[in-house]
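This report covers one structure, with attention to a helix, the cysteines and the aromatic rings.

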Amino acid sequence: MNDVILSRIAEALTWTGRYVERADATGRILDAYLHRLLEDPWRDEDVACRSLYAILGVDAGSERVDMQQVLDQLAFDARSTCSIEGALGAARLNARSAREAVSSEMWECLNSTWHALADQRLAARRTGPYAYLELVRRRAALFFGLADSTMSRDDSWRFVVLGRSLERVDMTVRLLSVRVLDAAHAPDWPTLLSASGADEAYARVYGGFGDTPRVAEFLLLDRDFPRSALHALTTAEECLAALGRPRQDPARRPIGRMRTRLEYLDLAALEEQLPLLLRDLQQACTASAEAVAERFFPYQGPVEWAQEGA
């Protein structure tokens, strides 16, 4: 195959990993907020919805918003890759364009999930979105499990995992940024843990559920939790190293610098440094993604997160 075809396959695999991870993370965030609203019916729904929009970088406008509007925009909108349905649709299209590189089981997982969403969406409007969100989480876990169990540890697998890892860091930073920088729309710490799928893992480490800034330490610095920023950065750097990128490569350097910075961070200074650290993490992931695109997908530039089409 010529270089352009290989480049397109690499790009498709990277974005497949990113889009499936995005759908999974968005589903977890929506589910966490919905459960908090059920547990506390006196909570201001408009404030909670604006918090969701802030996490995912969507303009909430000036009118009052409710959860059904949020679900229509962030879960059911097939035209936007900022939504669950749009992200899964884009993942399916990318996987189809790299069909020779993904296993049959991975393709069947994405394809069957996409075709099941319409019925689940209709059911969600009648009985609530919980089964819809659970389907998305389970199928995303199945997809990545199949990637680990049915793909050789070659470059195709590395591009899928690289995309997933960069998206994980981005989503973790978005969650923490709203909690730290946007006090008006900030979720509480237990909601943030639940939205990260980290509530049980956190409880095992610290012997209780999170209601302190220690949650930020766990989500950024825990070496063993797969959704922590440190773990995801380490995985991304390992993928780039295996893809032949040296330490000073523009794609690997910002990831390696941030991983080292997190590993040797003074915990006593974490709370004070957190706003700057979150900004630098997001910039490092953006710089790495752009360098990956320039090196491996040279026929076009990278796609901006908030401006992607379906």
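The text below takes these topics in turn.

The model is predicted.

**Helix H4**

Helix H4 covers residues 84–97, 14 residues in total. At 1.5 Å a residue the expected span is 20 Å, and the end C-alpha atoms are 20 Å apart, so expectation and model agree. Eleven of the 14 residues are buried, which means that H4 is largely enclosed by the rest of the structure. The buried residues include Ile84, Leu88 and Ala95, and also the charged-type names Glu85 and Arg92. At the N-terminal end, Ser83 acts as the cap of H4, with a side-chain oxygen 3.1 Å from the backbone nitrogen of Gly86. Gly86 is itself one of the buried residues of the helix.

**Cysteines**

The whole structure holds zero disulfides. The cysteine sulfur closest to that of Cys239 belongs to Cys285 and is 13 Å away; a disulfide needs the two sulfur atoms within 2.5 Å, so this distance is too far for a bond. Cys285 is likewise in no disulfide, its nearest cysteine sulfur being that of Cys239. Cys239 counts as buried because its relative accessibility is 4%. Cys285, at 7%, also counts as buried.

**Aromatic rings**

The count of aromatic pairs is nine. In one of them, the ring centres of Phe76 and Tyr132 are 5.0 Å apart and the planes stand at 90°, so the pair is edge-to-face. Phe76 is in the loop between helix H3 (67–74) and H4, while Tyr132 is in helix H6 (residues 130–150), so the pair ties together parts 56 residues apart in sequence.

Phe159 and Phe296 also form an edge-to-face pair, with 5.1 Å centre to centre and 80° between the planes. Phe159 belongs to helix H7 (residues 155–181) and Phe296 to helix H13 (residues 270–296), and the pair links these distant parts of the chain, 137 residues apart.

The relative accessible areas of these ring residues are as follows.

| Residue | Relative accessible area | State |
|---|---|---|
| Phe76 | 8% | buried |
| Tyr132 | 0% | buried |
| Phe159 | 6% | buried |
| Phe296 | 14% | buried |

Elsewhere, Tyr202, Tyr206, Phe218 and Phe225 make up one aromatic cluster.

**Charges over rings**

Two arginines are placed over phenylalanine rings. Arg295 lies over the face of Phe296, 5.0 Å from the ring centre. Phe296 thus has a part in the pair with Phe159 and in this contact with Arg295. The charged end of Arg164 sits over the ring of Phe144, 5.0 Å from its centre.

Key: Residues numbered from 1 in each chain as written. Predicted model: local features only at pLDDT ≥ 70, side-chain atom pairs only at ≥ 80, totals over all residues. Heavy atoms only, no water. Helix = DSSP H or I, 4+ residues; strand = E, 2+ residues; numbered from the N terminus. Expected span 1.5 Å × (residues − 1). Buried < 20%, exposed > 50% of the residue type's maximum accessible area, 1.4 Å probe, protein only. Polar contact = N/O pair within 3.5 Å; in protein donor to acceptor, adjacent residues only side chain to side chain. Phe/Tyr/Trp six-rings, centres within 6.5 Å; stacked < 30°, edge-to-face > 60°. Lys NZ or Arg CZ within 6 Å of the ring centre and 35° of its normal.
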